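Visitor: I would like a close look at a single part of this model, followed outward into whatever it touches. Please take it slowly and keep the pieces connected.

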Amino acid sequence: MSETFDVAVIGAGPGGYVAAIRAAQLGLNTVCIDEWKNPKGKASLGGTCLNVGCIPSKALLESSEKFFQIQHKVSAHGITVQQVAVDIPAMVARKDKIVATFTTGIASLFKKNKVKSMHGRGTLLKREESANLWAIKVEDNGTVETIQAKYVIVATGSAPRPLPFAPIDNAMILDNAGALALTEIPKRLGVIGAGVIGLEMGSVWRRLGSEVTILEAMPGFLMAADEQIAKEAKSMFAKEPGLQINTGININSVKLSEDSVVVSYSDANNKEQHLEVDKLIVAIGRIPNTAGLGAQEVGLALDERGFVVVDAYCRTNLTNVYAVGDVVRGPMLAHKASEEGVAVAEMIMQVEQGHADPHEAVDFNTIPWVIYTAPEIAWVGKNEQELRAAGVSYKTGQFPFMANGRARAMGEAGGFIKVLADEKTDRILGVHMIGPHVSELISEAVVAMRFSASSQDIACIVHAHPSLSEVFHEAVLSVDKRALHI
């Protein structure tokens with residue numbers, strides 16, 4: 001007889017494993033099913049984020065930034081370093097060790113919270129409408145087991161979007177996993193796509209010495225960001241050695257030779273161009289991963305782009321089946337997935353306790369975005385072009401890191417923080433940052449927006465001196481033309 005659970009989570013990425021832990025904390029008998037295997041063929045929890053995404057990329061970004069600073073920046077501090085060298089295999093080994101620590105850490109968290117972990121592909125099986133349990137087939141290397149659960153949370157994440165005429169081999173043409181596993185520095189590196197993944201991976205290898213060329217189909221750079229931030233970012237990136245960004249391009253072909261990749265494309269002026277590189281990273285976005293889920297067989301609704309259709313509370317069209325993270329609408333961000341996972345687990349508990357009202361929905365407007373380039377880029381809420389398009393009256397405040405003592409002492413004085421507030425109510429509508437450590441600074445803005453703070457509320461808060469956070473303080477003061485240090 002198959003084992004029965006209260007909750008079955010399919011997928012152990014940031015949405016799935018967090019949902020499973022929270023459900024178990026609430027007293028629900030929970031199983032988490034995941035099919036990820038590491039390069040050694042062993043089960044590895046954490047999904048894309050921990051295995052080949054957020055965590056390993058930040059490890060390499062940190063290593064490459066230290067190398068770049070020693071080469072180009074520490075001399076300004078009176079520090080002289082000779083014969084600087086980088087050991088790429090050692091750098092990658094450090095990254096792998098960090099990944100292993102966190103993926104095994106999830107297994108420990110499962111054990112601590114009494115979550116059962118099953119390795120294999122989880123597939124929903126068709127059931128009678130009158131049935132009150134879902135059957136899930138778990139298949140691993142030909143071994144098949146079937147379990148049952150009252151509630152199912154689909155958290156199968158996403159996969160790299162393929163470029164039809166540039167199949168990934170992770171030898172010459174790389175996806176994010178291949179870009180993180182290079183064992184030597186390519187002299188010439190091409191990147192198709194100037195989104196988060198493309199920029200971060202390009203940044204890693206540029207800092208280590210590659211000549212990086214990024215090809216982006218969109219007519220502008222970082223069009224999801226505030227246009228002023230995007231303009232500043234492109235200007236700052238252009239000053240760094242070894243990085244070229246081309247927008248408005250159309251890829252015509254990608255051809256492999258024995259030791260290079262040639263990309264033929266039309267530029268923004270519709271002129272034919274050719275780029276020859278040693279390695280090519282394809283980073284044109286990600287698509288929802290529903291392969292093998294059994295969506296068609298059980299009638300799970302997918303939209304025209306392949307995402308699982310859910311309402312504001314992550315409920316699918318099937319009774320007691322929820323979906324969270326990259327496999328549903330909204331930003332493809334690990335922290336968004338985790339928040340949805342927690343919300344769904346708590347809503348399931350409410351249902352079990354007989355409460356009809358759903359749990360509070362996750363507010364996408366207060367989810368921060370971060371790009372870990374140098375300088376970092378971060379934002380939350382609406383940007384200027386969105387507010388203009390919506391006809392919202394707003395006021396702006398802005399302050400540069402150049403006028404901040406801590407930034408100057410760090411030697412990282414580029415960039416600024418910009419605050420958008422409602423013209424009438426002064427409520428903060430959006431905060432946009434480019435500069436040092438803004439991945440950390442953005443959290444204060446998220447808190448402010450989550451509690452509907454006004455720019456005056458933040459202006460009244462004492463910020464430590466000297467600190468980078470003073471730039472945010474001065475930016476909100478600037479909303480009402482009260483900045484003190486410019």
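Which element gives the largest share of the lining of the second largest pocket?

Guide: The model is a predicted one, and what follows should be read with that in mind. The element you ask about is α3, which contributes 8 residues, the largest share of the lining of the second largest pocket. The pocket itself holds about 810 Å³ of space, and of the 30 residues that line it, E65, T373, A374, E376 and H437 are the closest to its centre. Two or more lining residues come from each of α3 (54–72), α4 (88–113), α7 (227–239) and α12 (438–450). By class, the lining divides into 11 nonpolar, 7 polar and 12 charged residues.

Since α3 is the main contributor to that lining, its helix partners deserve a careful description, beginning with α6 (residues 196–207). The axes of α3 and α6 come within 8 Å and cross at roughly 35°, and the crossing is left-handed. On the α3 side the contact is made by S57, K58, L60, L61, S64, E65, F67, F68 and Q71, and on the α6 side by E200, M201, S203, V204, R206 and R207. These residues divide into 6 nonpolar, 4 polar and 5 charged. E65 therefore has a place in two descriptions, as one of the residues closest to the centre of the second largest pocket and as a member of the contact between α3 and α6.

The other partner to consider is α4, which is also among the elements that give two or more residues to the pocket lining. Here the axes of α3 and α4 come within 9 Å and cross at roughly 145°, in a right-handed crossing. I55, P56, A59, L60 and S63 of α3 meet M91, R94, K95, I98, V99 and F102 of α4, and by class this contact has 8 nonpolar, 1 polar and 2 charged residues. L60 is named both in the contact of α3 with α6 and in that of α3 with α4.

From α4 the packing can be followed to α1 (residues 14–25), whose axis lies 9 Å from that of α4 at an angle of about 20°. Because angles under 35 degrees count as roughly parallel, α1 is roughly parallel to α4. The crossing of this pair is left-handed. Y17, A20, I21, A24 and Q25 of α1 meet I106, L109, F110 and N113 of α4, a contact with 7 nonpolar, 2 polar and no charged residues.

Following α6 instead leads to an enclosed space, the largest cavity, which has a volume of about 30 Å³. The structure holds 1 cavity of 30 Å³ or more. L199, G202, S203, I214, F237, L243 and T373 line the largest cavity, and α6 gives the most to this lining, with 3 residues. The lining residues divide into 4 nonpolar, 3 polar and no charged. S203 belongs both to this cavity lining and to the contact of α3 with α6, while T373 lines the cavity and is also one of the residues closest to the centre of the second largest pocket.

A further detail concerns A374, another of the residues closest to the centre of that pocket. A cis peptide bond, with omega of about 10°, joins A374 and P375, and P375 lies in the loop between β18 (369–371) and β19 (376–381). Most peptide bonds are trans, and most residues other than glycine have a negative phi. Two other backbone features can be set beside this one. H465 and P466 are joined by a cis peptide bond with omega of about -5°, and P466 is placed in the loop between α13 (455–459) and α14 (469–479). D426, although not a glycine, has a positive phi of about 75°, and D426 is found in the loop between β21 (416–422) and β22 (428–435).

Methods: Residues numbered from 1 in each chain as written. Predicted model: local features only at pLDDT ≥ 70, side-chain atom pairs only at ≥ 80, totals over all residues. Heavy atoms only, no water. 1 Å grid on protein atoms, 1.4 Å probe; cavity = no way out; pocket = protein on both sides within 12 Å on 5 of 7 lines; lining within 4 Å. Points joined across faces, edges and corners; volume = space filled by probe spheres on them. Helix = DSSP H or I, 4+ residues; strand = E, 2+ residues; numbered from the N terminus. Nonpolar A, V, L, I, M, F, W, Y, C, P; charged D, E, K, R; others polar. Axes fitted to C-alpha atoms, helices over the stretch in contact; angles between N-to-C directions. Parallel < 35°, antiparallel > 145°, perpendicular 65-115°, else oblique. Left-handed = near helix turned anticlockwise from the far one by under 90°. Contact = heavy atoms within 4.5 Å.
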